[in-house]
Amino acid sequence: MKTLFLQAPSFDGFDGGAGSRYQAKREIKSFWYPTWLAQPAAMVPDSRVLDAPADEISVEDSLKIAEGYDLVIIHTSTPSFPTDAKFAELLKARKPNVLIGLVGAKVAVDPTGSLMASPAVDFVAREEFDYTCKEVAEGRPFESITGISYKLADGSAQHNPPRAMIENMDDLPFVAPIYKRDLKISNYFIGYLNYPYVSIYTGRGCRSKCTFCLWPQTVGGHRYRTRSAANVLAEAKWIKENMPEVKELMFDDDTFTDSSNMERVHEIARGLGAMGWTWSCNAKANVPYESLKIMKENGLRLLLVGYESGDDQILHNIKKGLRTDIARRFTEDCRKLGITIHGTFILGLPGETKETIEKTIQFAKEINPHTIQVSLAAPYPGTSLYKQAVENGWLKENEAVNLVNDKGVQLALIEYPHLSKQEIFHGVEKFYRAFYFRPSKIWEIVKEMLMSWDMMKRRLREGVEFFRFLRAHEA
């Protein structure tokens with residue numbers, strides 16, 4: 001079947017197709033690559049990936065494009081689900097015989113609810129859905145395809161047996177050729193990455209047990225299944241030769257630097273260094289100095305690090321597997337080596353108080369990553385955090401559909417007897433102001449701007465968006 005893999009139109013700046021766990025309109029407009037759609041698209045001949053939010057394609061124009069396909073597979077999430085289902089209904093009204101399926105963590109944890117939410121949805125693909133999408137596109141009977149849920153003639157839901165996890169990750173085709181074929185590389189930008197960039201995965205799953213983290217608990221699992229170093233380097237070489245405009249390569253694995261994986265990381269780093277790549281990756285704040293040194297000497301520029309909190313009890317509560325003293329030492333090691341850090345923090349996690357919010361702000365100022373992102377604890381259905389919040393009365397069941405407002409801005413959903421939603425929500429604005437509105441940090445950013453006209457234009461644009469974000473949090 002002629003197949004369209006679709007990131008449907010949504011809120012302005014809403015990055016619901018991100019591989020990351022943070023699916024909301026960001027403080028500064030940014031877009032991650034729709035890798036989870038590009039991967040199955042690489043397995044379906046003559047398919048197309050359409051990323052409507054990144055391309056700023058309207059609902060009407062997206063419908064006109066989708067009408068030309070027999071099968072439309074939409075990547076959805078808890079926040080974007082209502083608008084995604086509405087798009088499916090609009091498409092079905094125009095082309096009744098089109099087959100529409102949904103993929104993503106939302107449908108993996110709630111296949112029945114997702115399937116029955118709209119008469120326009122024909123099936124949902126649970127678990128890792130790459131081969132599921134391929135088999136549906138081949139026209140195989142639904143009853144023969146593992147990992148899908150679909151509607152029977154009487155309107156009831158049929159759940160086929162689960163699909164096994166992909167073990168040989170090298171069997172998956174490269175996603176970069178799909179990026180080049182279907183996407184506008186210039187539309188993808190992240191505030192802390194060199195522009196233009198490309199992000200890919202070198203593996204799936206994460207051994208960490210963080211209670212809030214969506215993908216390992218829903219789709220990817222807690223076993224880190226990796227591509228071989230040779231396979232990763234072959235794709236990096238393809239990008240270097242076929243997408244010469246790309247200035248930075250980002251590895252978006254949940255934890256690329258997992259301790260079980262360091263020899264492979266060293267091999268990949270040395271291969272990237274030989275190619276002359278500048279690259280970045282996600283990392284836990286416990287990478288040994290010796291490994292950081294090898295990575296830095298071979299082109300590593302930046303680490304995206306989830307610190308989450310400056311309070312050790314909160315880190316224990318969320319099963320982070322990390323202490324603040326280890327994070328401090330790691331951060332100092334990065335500073336000595338000249339590795340830039342973009343640090344992420346979360347407010348409202350179990351154990352949060354007014355005092356721990358202040359403690360985390362002071363911790364962030366002390367370790368002083370170059371840039372930060374502050375999020376609100378997001379209790380996505382399917383996570384341990386969601387279950388814990390419901391059981392303890394911190395969140396009403398099924399209220400997680402309100403993770404964002406009608407503008408795509410993330411909302412505080414969890415609250416405690418001693419700490420209200422409003423206090424947690426406004427803590428984000430307080431955090432950003434305390435971190436960025438310091439003379440030393442302002443001068444650090446000004447120096448960066450003075451070194452490059454491109455950086456000057458970029459930071460000025462981001463500054464306007466950032467102040468708009470702060471005003472929204474003041475409201």
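A salt bridge is a side-chain nitrogen of Lys or Arg within 4 Å of a carboxyl oxygen of Asp or Glu. The model is predicted, so local features need pLDDT of at least 70 and side-chain atom pairs count only at pLDDT 80 or more, while totals for chains, interfaces and linings use all residues. Residues are numbered from 1 along each chain as its sequence is written, and side-chain values use heavy atoms, with hydrogens and water left out.

**Exercise 1. Salt bridges**

Task: State how many salt bridges a search of the whole structure finds, then describe the pairs R126 with E127, E308 with K320, and K430 with E358.

Solution.

Step 1. The search of the whole structure gives 28 salt bridges. Side chains of opposite charge can pair when their charged atoms come close.

Step 2. R126 and E127 meet through their side chains at 3.3 Å, N to O. R126 has a relative accessibility of 7% and counts as buried; buried means under 20% relative accessible area, exposed over 50%, and partly exposed in between (1.4 Å probe, protein chains only).

Step 3. In the pair of E308 and K320, the closest N and O atoms are 2.9 Å apart. E308 belongs to strand β13 (residues 300-308) and K320 to the loop between α13 (312-317) and α14 (324-337), so the salt bridge ties together parts that are twelve residues apart in sequence. Helices (H or I, at least four residues) and strands (E, at least two) are DSSP runs, numbered from the N terminus. E308 is buried at 5% relative accessibility, and K320 is buried at 8%.

Step 4. K430 and E358 form a salt bridge of 3.2 Å, N to O. This pair links distant parts of the chain, 72 residues apart, with K430 in helix α17 (residues 421-436) and E358 in helix α15 (residues 354-367). K430 is partly exposed, at 46% relative accessible area, and E358 is partly exposed at 30%.

Step 5. For E358, one further distance can be added: its C-alpha atom is 9.0 Å from that of G310, and the two are 48 residues apart in sequence.

Step 6. A network of salt bridges links K134, E135, E138, R140 and R163.

**Exercise 2. Two residues and their contacts**

Task: For L91 and K106, find the helix, decide whether each is buried or exposed, and list the contacts.

Solution.

Step 1. L91 is in helix α4 (residues 81-94). Its relative accessible area is 0%, so L91 is buried.

Step 2. Leaving out residues up to four places away in sequence, L91 touches L63, A66, E67, V72, V98 and I100. Contact means heavy atoms within 4.5 Å. For V72, the C-alpha separation from L91 is 9.5 Å, at 19 residues along the chain.

Step 3. K106 is in helix α5 (residues 105-109). With a relative accessible area of 15%, K106 is buried.

Step 4. With residues up to four places away in sequence again not counted, K106 touches T76, S77, T78, F81 and S114.

**Exercise 3. The sides of helix α16**

Task: Which residues of helix α16 (residues 384-391) are buried, and which are exposed on the other side?

Solution.

Step 1. The buried residues of α16 are L385, Y386 and A389.

Step 2. Seen down the axis of α16, these residues fall within an arc of 100 degrees, so they line one face of the helix. The arc is that of the directions from the helix axis to the C-beta atoms.

Step 3. K387 and E391 are exposed on the other side of α16.

Step 4. Just after α16 comes G393, which takes a positive phi of about 75 degrees.

**Exercise 4. The second largest cavity**

Task: Give the volume of the second largest cavity, then describe its lining.

Solution.

Step 1. The structure holds seven cavities of 30 Å³ or more. On a 1 Å grid over the protein atoms alone, a cavity is a set of points where a 1.4 Å probe fits but cannot get out, and lining residues have an atom within 4 Å of a point.

Step 2. The second largest cavity has a volume of about 150 Å³. Grid points are joined across faces, edges and corners, and a volume is the space filled by probe spheres set on the points.

Step 3. The lining of this cavity has 14 residues, and T35, Q39, V175, Y201 and R204 lie nearest its centre. The elements giving two or more residues to the lining are α1 (35-41) and β9 (203-204). α1 gives the most, with three residues.

Step 4. By class, the lining has seven nonpolar, four polar and three charged residues. Ala, Val, Leu, Ile, Met, Phe, Trp, Tyr, Cys and Pro count as nonpolar, Asp, Glu, Lys and Arg as charged, and the others, Gly among them, as polar.

Terms used: 1 Å grid on protein atoms, 1.4 Å probe; cavity = no way out; pocket = protein on both sides within 12 Å on 5 of 7 lines; lining within 4 Å.
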